[in-house]
Amino acid sequence: MQIIKTISDLRQALKAHRQNSERIALVPTMGALHEGHLSLVRLAKKHADCVVMSVFVNPTQFNDKKDLATYPRDLEADIKNAEAVGVDLVFAPEVNEMYPQQSGISTSVQAGDCAEGLCGSKRPGHFNGVVTVVSMLFNIVNPDYAVFGEKDYQQLMVIRQMVDTMHYPIEIIAAPIIREESGLALSSRNQLLSTEDKKRACIISKTLFAAQSAVKNGESSAAAIKSQVESKLKDAGFIIDYVEVMHPTKLHSIEKIEGGAQLLVAVFLGEVRLIDNVRL
Ligand code: AMP
């Protein structure tokens, strides 16, 4: 496995793979790798011959400086994990490599309307930062495939929308959410939870699964599901950022749950913000 720090070295390394007619998959991450990230690599390897994993904590997608400062980082462990799961190239650039200091206002990409509600309205500018860095990575790697987790469901929809509207010749592959046995969705941010809060955090997925069952048993009102979920989470001591029932691809609100809907939540446990979602 090669560890690469610069754009030019990555382009050079990828030339050889392309000359061998290898199919290339990109797995973008912010590091602090866990089984969720590794599952993306395993999926990528089913489609492609060469897997590039980027490890880059992208400053432009953080609207909160403290969140950026406390975001977990452990490149050494990430390299070991990436190697163990069969990544071919790790791209771990410094911030200056991706965003060299330029005078004036630099170019950025604007996310489409999938970015309007949910995390998009709670974290202003977040998705513009995401699509800007992902578009840079697409231009640098020029992959055939890129794998994103359903854990960040809105992000997946925003990226799909970008690929469609910007005509990127890249197939986006969605990977299912990997959970702990308790049901808690794996997240790099789980490291920031106290033992007590980690135990409590599994209530999020339990609440989502209960909503899923309610819909299976005939509940079709989005408002009823929303209020059940909100009150369970509030009672368990979470601060709610949002609870929404949305159209599964367009991500606008819906009233009736028929033909599929997505239930998405973001909550705070102390200062740690956790997101999760399920298909209804
Ligand atoms: P991050 O490092 O948090 O930016 O995540 C990098 C990629 O891993 C994104 O596509 C996430 O959706 C995905 N991911 C993170 N956690 C999980 C999980 N528990 N299951 C599946 N994919 C995940």
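Which strands does helix H2 lie across? Helix H2, residues 35-47, lies across S2, S3, S5 and S6. It runs at about 150° to S5. Before I go on, please keep in mind that this is a predicted model.

Let me start with the sheet itself. As general background, strands of a sheet pair through backbone hydrogen bonds, either parallel or antiparallel. Here, 6 strands form an open sheet, and the pairing is parallel. If you trace the sheet from one side to the other, the order is S1-S4-S3-S2-S5-S6. At the edges stand strand S1, residues 2-4, and strand S6, residues 171-175. Each of these two has a single partner strand, so one side of each is left without a neighbour in the sheet. On average, neighbouring strands of this sheet are turned by 25° against each other, with direction ignored.

Take one pair in detail. Strand S2, residues 24-29, and strand S5, residues 145-149, run parallel and are joined by 2 bridges. If you look for Ala 25, you will find that its bridge partner in S5 is Tyr 145.

Now the helices. I have already mentioned H2. Helix H7, residues 126-141, lies across S2, S3, S4, S5 and S6. Its direction is at about 150° to S2.

H7 also meets another helix, H8. In general, two packed helices are described by the angle between their axes and the distance between the axes. For H7 and H8, the axes come within 10 Å and cross at roughly 55°. The two helices are therefore oblique to each other. The crossing of H7 past H8 is right-handed.

Which residues of H7 meet H8? On the H7 side they are Phe 127, Val 130, Val 131, Val 134, Ser 135 and Phe 138. On the H8 side they are Gln 154, Gln 155, Val 158, Ile 159, Met 162 and Val 163. By type, the residues of this contact divide into 9 nonpolar, 3 polar and no charged.

Last, one residue of H8. Met 157 sits in this helix, which covers residues 153-165. Is Met 157 buried or exposed? Met 157 has a relative accessible area of 8%, and the cut-off for buried is under 20%, so Met 157 counts as buried. Leaving aside neighbours within four places in sequence, Met 157 is in contact with Cys 114, Pro 248, Thr 249 and Leu 251. As for Arg 200, it is 43 residues from Met 157 in sequence, and the C-alpha atoms of the two are 29 Å apart in space.

Methods: Residues are numbered from 1 along each chain as its sequence is written. This is a predicted model: local features need pLDDT of at least 70, side-chain atom pairs count only at pLDDT 80 or more; totals for chains, interfaces and linings use all residues. Side-chain values use heavy atoms; hydrogens and water are left out. Helices (H or I, at least four residues) and strands (E, at least two) are DSSP runs, numbered from the N terminus. Buried means under 20% relative accessible area, exposed over 50%, partly exposed in between (1.4 Å probe, protein chains only). Contact means heavy atoms within 4.5 Å. Two strands pair if DSSP finds at least two bridges between them. Axes are lines fitted to C-alpha atoms, for helices over the stretch in contact, and angles run from 0 to 180 degrees between N-to-C directions. Angles under 35 degrees count as roughly parallel, over 145 as roughly antiparallel, 65 to 115 as roughly perpendicular and the rest as oblique. A crossing is left-handed if the near helix is turned anticlockwise from the far one by less than a right angle, and right-handed if clockwise. Ala, Val, Leu, Ile, Met, Phe, Trp, Tyr, Cys and Pro count as nonpolar, Asp, Glu, Lys and Arg as charged, and the others, Gly among them, as polar.
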